[in-house]
Amino acid sequence: MAYGMTRREFGIAAGAASLAGLGLGLPAKADDTKTLRFIAQSDLRVLDPIWTTAYITRNHGYMVFDTLFAIDAEFAPHPQMVGDHSVSADQLTYQFKLRDGLGFHDGSPVRGVDCVASVKRWMARDGHGQSIAAVLDEIRPDGDKGFTIRLKEPFSLLLDALGKVSSLALFVMPERLANTDPFQQVTEMVGSGPFKFVKEEFQPGHQVVYAINTEYVPRGEPPSWASGGKVAKVDRVEWLNIPDAMTKVAALNGGEADWWENPPLDVVPVLAANSDITVAPAALPGPIMVKFNHLLPPFDNVKMRQAVLAVTDQTDFLTALAGDQKNWELCPSFFTCGGLMANDTGSQALTGKRDFDKAKKLVAEAGYKGESIVVLDAVDQPVVHSQALVVADLMKKLGLNVEVQAMDWGTLVTRRASMEPIDKGGWNIFATGWVGADLLDPAVNPALRTNGKKGHFGWPSDDRIEALRTEWLKATTPRRAQEARRGDPGTRLRNRPIHPDWAMEAGDRLSQEPEGTDPRARALPVERREGLSVVTRSAPGGPGFAMLRPVNS
């Protein structure tokens with residue numbers, strides 16, 4: 001190490017020296033092209049935002065595609081691609097007409113048939129969409145620029161679903177692409193959004209490039225979270241994939257990059273010391289979790305899942321991720337802490353004393369035969385990597401045969417979709433994280449779906465949980481919804497569809513508000529200053545920074 005330099009300073013210096021090798025050492029273009037250089041959370045491996053819940057792919061979706069409705073800062077749905085819409089008196093028929101000026105990047109107009117095909121594909125994959133499908137009578141085009149949805153029974157959250165802001169958002173594609181099998185990836189990126197995907201400059205592992213769509217017609221309303229006018233202020237956006245954290249620090253400090261999506265906690269003081277950099281917190285805390293594969297042994301046996309639960313201490317996971325307790329806070333809730341649905345009912349199994357003897361007894365009762373347990377470990381993502389190491393260590397202490405397989409997040413996103421056995425690329429455990437907006441309530445929370453192979457990766461099956469969720473969706477008043485949510489409080493933890501490890505950081509606690517105020521209804525912070533721009537911000541196209549803010553899903 002150079003004399004007089006700290007380890008962090010040496011790392012930053014080494015990172016600066018490597019910028020030229022990554023093509024970041026050159027000044028910005030000399031012409032009039034306004035370019036935003038964005039250090040993305042990970043490599044973009046999957047382009048289809050309907051095929052995966054990965055946020056890197058969702059963010060890519062917001063660059064290229066548009067949505068029928070969108071959610072504002074008060075979590076209310078508003079028309080986006082839709083111009084006019086009406087609802088029948090019996091709440092069963094919804095008619096939609098697209099606004100003028102909508103066109104795909106290939107020059108074709110956006111039609112009602114494109115919307116119908118896109119909605120159908122989305123309904124097959126998204127939990128909220130699947131709930132609509134269960135009460136759907138028909139969806140059909142209505143002229144060139146319209147479509148109609150007719151229901152068998154009222155579904156009060158229909159417009160909220162069509163405007164779902166995060167994974168999976170309902171992005172509209174041309175009919176020929178939207179007719180792709182929902183479980184196969186779309187690889188041709190033709191949307192109608194404010195930017196075009198530049199296929200010729202796409203370099204997996206290095207960069208993604210977007211060029212402004214000069215034909216895009218934004219809405220006239222001011223922007224509010226995902227809703228309102230999407231007015232592009234730059235001509236070109238370059239997403240940079242830089243694996244090394246210190247190289248990212250050097251790029252941001254040196255003006256070679258403008259925006260870093262997810263800086264790890266230990267470099268935040270260095271970034272905050274630069275007066276040209278703004279570190280913007282997330283508006284909602286983000287839960288992190290471990291997910292089991294319910295299709296394969298040994299975690300197809302509930303006793304094995306309960307065994308891991310019996311020795312899980314949230315403190316272990318959060319200390320490994322963020323160190324000192326001033327950086328985190330325990331949160332034994334299946335819904336986002338600080339949100340309207342947050343509660344610790346039935347969480348005693350997670351917060352009580354850890355019991356290795358009980359866990360070992362459960363392992364024996366499950367008939368575990370020493371088979372290898374594969375843990376997928378995305379070493380380039382601190383949120384995922386730390387959880388993988390902690391859960392692997394816990395299982396080894398139980399005498400389980402654990403194999404930790406190291407990879408990057410892009411590879412994990414692909415691997416976790418496999419339902420194959422272990423010897424054919426299957427897996428048993430992976431870790432992930434979510435933005436708080438994705439876990440606010442049963443309608444949007446994909447981790448609580450227990451509808452088997454139609455659900456999120458891990459594919460748990462539990463009819464009781466599904467029945468409780470359906471009851472909540474059909475509730476017509478907040479009181480009935482709360483009662484349905486409480487249902488059988490122990491069911492989720494007994495059956496272990498997921499394994500919450502979670503917390504929110506101390507700096508992201510929601511302030512106390514007057515009774516009756518929905519804590520979700522605050523504008524998400526967007527901070528900008530001249531010169532080197534924001535590290536990150538909370539917005540659908542670029543999720544916000546938080547010390548424990550997961551950017552995976």
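# Helix pairs and unusual backbone in a predicted model

Reader: At what angle do helix H3 and helix H4 pack?

Author: In this predicted model, helix H3 spans residues 112-125, and helices here are DSSP runs of H or I with at least four residues, while strands are E runs of at least two, both numbered from the N terminus. The axes, lines fitted to C-alpha atoms over the stretch in contact, are 6 Å apart for H3 and H4. Taken between N-to-C directions on a scale from 0 to 180 degrees, the packing angle of H3 and H4 is about 110°.

Reader: How are the residues numbered, and what kind of model is this?

Author: Numbering starts from 1 along each chain as its sequence is written, and side-chain values use heavy atoms, with hydrogens and water left out. Local features need pLDDT of at least 70 and side-chain atom pairs count only at pLDDT 80 or more, whereas totals for chains, interfaces and linings use all residues, the model being predicted.

Reader: Which word describes how H3 lies to H4, given that H3 and H4 pack at about 110°?

Author: Angles under 35 degrees count as roughly parallel, over 145 as roughly antiparallel, 65 to 115 as roughly perpendicular and the rest as oblique. With an angle of about 110°, H3 is therefore placed, with respect to H4, as roughly perpendicular.

Reader: Which residues of H4 make the contact with H3?

Author: Contact means heavy atoms within 4.5 Å. On the H3 side the contact is made by Trp122, Met123, Ala124 and Arg125. On the H4 side the residues are Gly127, His128, Gly129, Gln130, Ile132 and Ala133.

Reader: How do H9 and H12 run with respect to each other?

Author: The axes of H9 and helix H12 (residues 356-366) come within 8 Å, and the two helices cross at roughly 170°. H9 and H12 are therefore described as roughly antiparallel.

Reader: How many nonpolar residues does the contact of H9 with H12 have?

Author: H9 brings Lys303, Met304, Gln306, Ala307 and Ala310 to this contact, and H12 brings Ala359, Leu362, Val363, Glu365 and Ala366. Ala, Val, Leu, Ile, Met, Phe, Trp, Tyr, Cys and Pro count as nonpolar, Asp, Glu, Lys and Arg as charged, and the others, Gly among them, as polar. By these classes the contact of H9 with H12 has 1 polar residue and 2 charged residues, and the number of nonpolar residues is 7.

Reader: Is the arrangement of H10 and H13 oblique or roughly parallel?

Author: The axes of helix H10 (residues 314-322) and helix H13 (residues 382-397) come within 9 Å and cross at roughly 135°. H10 and H13 are therefore, in relation to each other, oblique.

Reader: Which residues are joined by a cis peptide bond with omega of about 5°?

Author: Most residues other than glycine have a negative phi, and most peptide bonds are trans. One cis peptide bond, with omega of about 0°, joins Ser167 and Leu168, and Leu168 sits in the loop between helix H5 (158-162) and helix H6 (175-178). A cis bond with omega of about 5° leads into the loop residue Pro298, found between strand E12 (288-292) and helix H9 (302-310). The residues joined by that bond are Pro297 and Pro298.

Reader: What is the phi of Trp459?

Author: Trp225, in the loop between strand E9 (207-212) and strand E10 (236-240), has a positive phi of about 55° although it is not a glycine. Trp459 lies in the loop between strand E16 (429-433) and helix H15 (463-474). Trp459 is not a glycine either, yet its phi is positive, at about 55°.
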